[in-house]
Amino acid sequence: ILSDMRANTKLKYNNAVPYAKLSRPRALVHFFGRILYISLTYLWPFLRFPLWKAIIWALFPIASFGFSFMLNSQINHLVD
């Protein structure tokens, strides 16, 4: 969320990539979409499941995605 806010204020992402200014309605929808994503992914499991299941529910998807990304990045660098 913070990188989105920085990119919208500076109109650059990571001070390198030009970033188009979002209209006010689109920025609000984007912001609330991020809040919904974070709420459903990281908060809802702790309200719905026992603690051990909630931790698995919240951490497994992001950890498996990160592992897959790192694995594929290494394979890509080996092919270069």
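A residue counts as buried when its relative accessible area is under 20%, as exposed when that area is over 50%, and as partly exposed in between. In this predicted model, tryptophan 57 has a relative accessibility of 43%, so tryptophan 57 counts as partly exposed.

**Aromatic residues**

The description of ring pairs that follows rests on two quantities: a pair of aromatic rings is described by the distance of the centres and the angle of the planes. A search of the whole structure finds four aromatic pairs. In one of them, the rings of tryptophan 44 and tryptophan 57 have centres 5.8 Å apart, and because their planes meet at 65°, while planes over 60 degrees apart count as edge-to-face, the pair is edge-to-face. This pair links distant parts of the chain, since tryptophan 44 belongs to helix α2 (residues 24-48) and tryptophan 57 to helix α3 (residues 51-79), with their positions 13 residues apart in the numbering. Tryptophan 57 also forms an aromatic pair with phenylalanine 49, and this pair is tilted, with 5.3 Å from centre to centre and 45° between the planes. Taken together, Trp44, Phe49 and Trp57 form one aromatic cluster.

How accessible are the residues discussed here? The table gives the value for tryptophan 44, phenylalanine 49, tryptophan 57 and valine 17.

| Residue | Relative accessible area | Class |
|---|---|---|
| Tryptophan 44 | 34% | partly exposed |
| Phenylalanine 49 | 24% | partly exposed |
| Tryptophan 57 | 43% | partly exposed |
| Valine 17 | 47% | partly exposed |

**Helices α2 and α3**

Helix α2 has 25 residues, which at 1.5 Å a residue should span 36 Å, and the end C-alpha atoms of α2 are 34 Å apart, which agrees with that expectation. Within α2 there is nevertheless a kink of about 40°, and this kink is centred on leucine 40.

How do α2 and α3 pack, in terms of angle and distance between their axes? The two helices pack at an angle of about 165°, and their axes are 7 Å apart. Because angles over 145 degrees count as roughly antiparallel, α2 and α3 are therefore roughly antiparallel to each other. The crossing in which α2 passes α3 is right-handed.

**Valine 17**

Valine 17 lies in strand β2, which comprises residues 17-18. Along the chain, valine 17 and leucine 71 are 54 residues apart, and in space their C-alpha atoms are separated by 26 Å.

Definitions and conventions. Residues are numbered from 1 along each chain as its sequence is written. This is a predicted model: local features need pLDDT of at least 70, side-chain atom pairs count only at pLDDT 80 or more; totals for chains, interfaces and linings use all residues. Side-chain values use heavy atoms; hydrogens and water are left out. Rings of Phe, Tyr and Trp (its six-membered ring) pair if their centres lie within 6.5 Å; planes under 30 degrees apart count as stacked, over 60 as edge-to-face and the rest as tilted. Helices (H or I, at least four residues) and strands (E, at least two) are DSSP runs, numbered from the N terminus. Buried means under 20% relative accessible area, exposed over 50%, partly exposed in between (1.4 Å probe, protein chains only). The expected span of a helix is 1.5 Å times one less than its number of residues. The bend at a residue is the angle between axes fitted to the seven residues ending there and the seven starting there. Axes are lines fitted to C-alpha atoms, for helices over the stretch in contact, and angles run from 0 to 180 degrees between N-to-C directions. Angles under 35 degrees count as roughly parallel, over 145 as roughly antiparallel, 65 to 115 as roughly perpendicular and the rest as oblique. A crossing is left-handed if the near helix is turned anticlockwise from the far one by less than a right angle, and right-handed if clockwise.
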